[in-house]
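Colleague: I've got the model open and I'd like to go through the labels on it. Can you walk me through how each one was earned?

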Amino acid sequence: MTAARYLCLGLPLLAVLAAARWDRERNARAAALLAFVAAFVGVAALHELARKTGWYAFAPVDGAYRGLPVDLWIGWAALWGPLPVLLRRVLPLPVALGLLGWLDVVTMPALEPLLHLGSHWLAGEAVGLLGVALPAQLLGRWSADRRHLSARVLLQLGLFGVLLLWLLPTLAFTLGGGSWARLAGLPTSLLLLAAQVALLVATPALAAVREFAARGGGTPYPWDPPGRFVTTGPYAYLANPMQLGAVCLMVLTALVAGSAPLAVGAALAVAFSVAVAGPHEDHDLDGRYGQRWRDHRRRVRPWWPRWRPYLPGEPAVLWLDDDCGPCAAVRRFLDRRRPVNLTIMPAARHPAGVLWRAGYTGGDGHRERGVAAVARALEHVHLGWAWVGWVLRLPGITWLAQLVTDAMIAPPHPSQPQGERCPTPNAASSTGRWRPSASTASPGSPHAPSPPPPG
């Protein structure tokens with residue numbers, strides 16, 4: 001068994017090293033590392049599923065994690081992750097999956113007595129190829145070739161979510177302190193409360209991921225970063241929203257599960273970010289963006305958020321129908337709070353023509369409509385209202401909020417000439433034209449002229 005374990009670790013790693021010498025592109029090697037992480041996490045999840053279904057089981061050996069020999073774990077992840085990514089030019093995806101399946105079918109029976117196969121182990125093999133190897137390959141190949149941005153962001157988000165919320169806590173529980181059974185034994189009301197708190201804690205990080213993709217054209221993976229410098233969304237308040245969100249989720253899980261090792265892991269994550277990752281990131285961003293990055297870093301802290309946003313550059317514009325009662329209420333709400341670097345303009349004057357819902361145009365040209373536009377405007381007020389805006393822009397919540405708005409507050413309607421009422425569910429109480437006021441851009445920002453009062 002010892003020789004089999006050495007071979008299962010050594011041969012895949014040697015093959016990966018040889019493939020890395022053949023494909024020397026930085027993007028490809030970084031993508032191969034990401035595919036390895038995806039396969040590593042996926043193999044661990046597949047092993048847990050196999051334990052419950054009886055697809056296969058390993059003999060009790062030293063150097064195992066929850067019954068999975070660590071050397072086989074690493075070798076398996078190397079085969080299913082980085083190796084086919086580095087050979088993607090000669091191994092199309094269907095061919096790569098076919099070869100991986102054939103290799104497992106040949107070698108797994110030969111690993112007896114180290115590996116005992118159940119009667120339905122081929123079903124487990126199919127689940128592994130489709131549920132672990134295929135996503136790892138898609139993520140690695142798309143990242144290496146910079147294709148399908150939205151899809152690879154979603155895959156990364158899923159990968160890091162499983163790593164943060166399942167694998168790391170399970171590892172901490174295995175080392176001692178805390179358990180999933182303790183979590184499952186909590187009252188339902190407490191579990192729901194913890195889940196809601198976790199969602200609120202994670203919201204700025206999720207908004208930051210979306211900001212990277214929508215306005216930066218990149219992903220959270222350090223070797224697949226945005227091509228444009230992102231200073232909007234959560235980055236107007238905090239330099240490290242994703243890292244802080246991850247650490248807070250780890251601390252929350254540690255508190256609920258009673259896991260001291262997980263709390264220590266959160267502290268180590270902060271120390272690593274401050275001592276290693278932070279300086280490397282600062283050097284990289286300073287080299288790419290120069291003075292713009294230095295100005296942002298002087299005003300936006302890495303671990304403690306600002307109360308008011310730092311939003312340099314061209315002002316954003318919120319377009320509201322100037323004869324719509326709900327729009328007037330939004331305008332008055334924003335005017336009282338003096339949003340930073342935001343100008344409010346009548347929708348009837350939008351350069352693209354008629355608007356059917358509120359519109360938002362960022363200084364970089366980014367556009368939103370309806371509830372999402374108002375949520376974007378909230379990011380210009382302060383941290384509390386920005387958080388509300390980020391929640392409103394979560395997938396599903398935006399759709400629901402827009403549905404309620406259309407049905408009960410203000411249905412979609414063309415922006416009207418000044419003086420005409422917009423159709424609302426309750427026109428008597430919800431309409432009422434507001435007079436165009438001065439720009440709400442913060443002092444020192446460029447001002448867009450407001451139209452004169454009618455007549």
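Modeller: Sure, starting with a cut-off: buried means under 20% relative accessible area, exposed means over 50%, and partly exposed is what lies in between. Keep in mind that this is a predicted model.

Colleague: Why is R182 called partly exposed?

Modeller: R182 has a relative accessible area of 47%. The partly exposed class lies between 20% and 50%, so R182 counts as partly exposed. You'll find R182 in helix α8 (residues 180–184).

Colleague: How do you know which residues beyond its sequence neighbours R182 touches?

Modeller: Contact means heavy atoms within 4.5 Å. Leaving aside neighbours within four places in sequence, R182 is in contact with V256, A257 and G258. R182 and V256 are 74 residues apart in sequence, and their C-alpha atoms are 8.4 Å apart in space.

Colleague: What makes H148 stand out, and how exposed or buried is it?

Modeller: H148 has a positive phi of about 50° although it is not a glycine. Most residues other than glycine have a negative phi. H148 sits in the loop between α6 (121–145) and α7 (149–175). With 44% relative accessibility, H148 falls between the two cut-offs, so H148 counts as partly exposed.

Colleague: Why does R338 get a label other than partly exposed?

Modeller: R338 has 57% relative accessibility, and exposed means over 50%, so R338 counts as exposed. Its phi is positive too, near 45°, in a residue other than glycine. R338 is in the loop between α13 (325–337) and β6 (342–346).

Colleague: What makes the bond between E112 and P113 a cis peptide bond?

Modeller: Look at omega, which is about 5° for the bond joining E112 and P113. Most peptide bonds are trans. P113 belongs to the loop between α5 (93–107) and β4 (115–117).

Colleague: Why is strand β5 described as mostly covered?

Modeller: Five of the five residues in β5 (residues 316–320) are buried, and buried means under 20% relative accessible area. Both faces are covered, with A316, L318 and L320 on one side and V317 and W319 on the other.

Colleague: How do you know which strands pair with β5?

Modeller: Two strands pair if there are at least two bridges between them. β5 and β6 have five, in the parallel sense, so they meet the cut-off. L320 stands opposite P346 in β6. β5 and β7 (residues 359–361) have three bridges, in the antiparallel sense, and so they pair as well. W319 has G359 as its bridge partner in β7. Also, β5, α13 and β6 make a right-handed β-α-β unit.

Colleague: What makes up the largest nonpolar core?

Modeller: A nonpolar core is a set of buried residues of certain nonpolar types, joined through side-chain atoms within 4.5 Å. The largest has 50 residues, and Y56 and W80 touch the most other members. Helix α2 (residues 26–53) brings the largest share, 13 residues. A second, separate core of 17 residues includes A198, L249, M250 and A254.

Colleague: And which residues lie nearest the centre of the second largest pocket?

Modeller: P326, V330, A358, V374 and T405, out of 26 lining residues. About 470 Å³ of space lies in that pocket. Helix α13 gives the most to the lining, with five residues.

Key. Residues are numbered from 1 along each chain as its sequence is written. This is a predicted model: local features need pLDDT of at least 70, side-chain atom pairs count only at pLDDT 80 or more; totals for chains, interfaces and linings use all residues. Side-chain values use heavy atoms; hydrogens and water are left out. Buried means under 20% relative accessible area, exposed over 50%, partly exposed in between (1.4 Å probe, protein chains only). Helices (H or I, at least four residues) and strands (E, at least two) are DSSP runs, numbered from the N terminus. A crossover is right-handed if, with the strands pointing away from the viewer, the path from the first strand over the helix to the second runs clockwise. On a 1 Å grid over the protein atoms alone, a cavity is a set of points where a 1.4 Å probe fits but cannot get out, and a pocket is an open set with protein on both sides within 12 Å along at least five of seven lines; lining residues have an atom within 4 Å of a point. Grid points are joined across faces, edges and corners, and a volume is the space filled by probe spheres set on the points.
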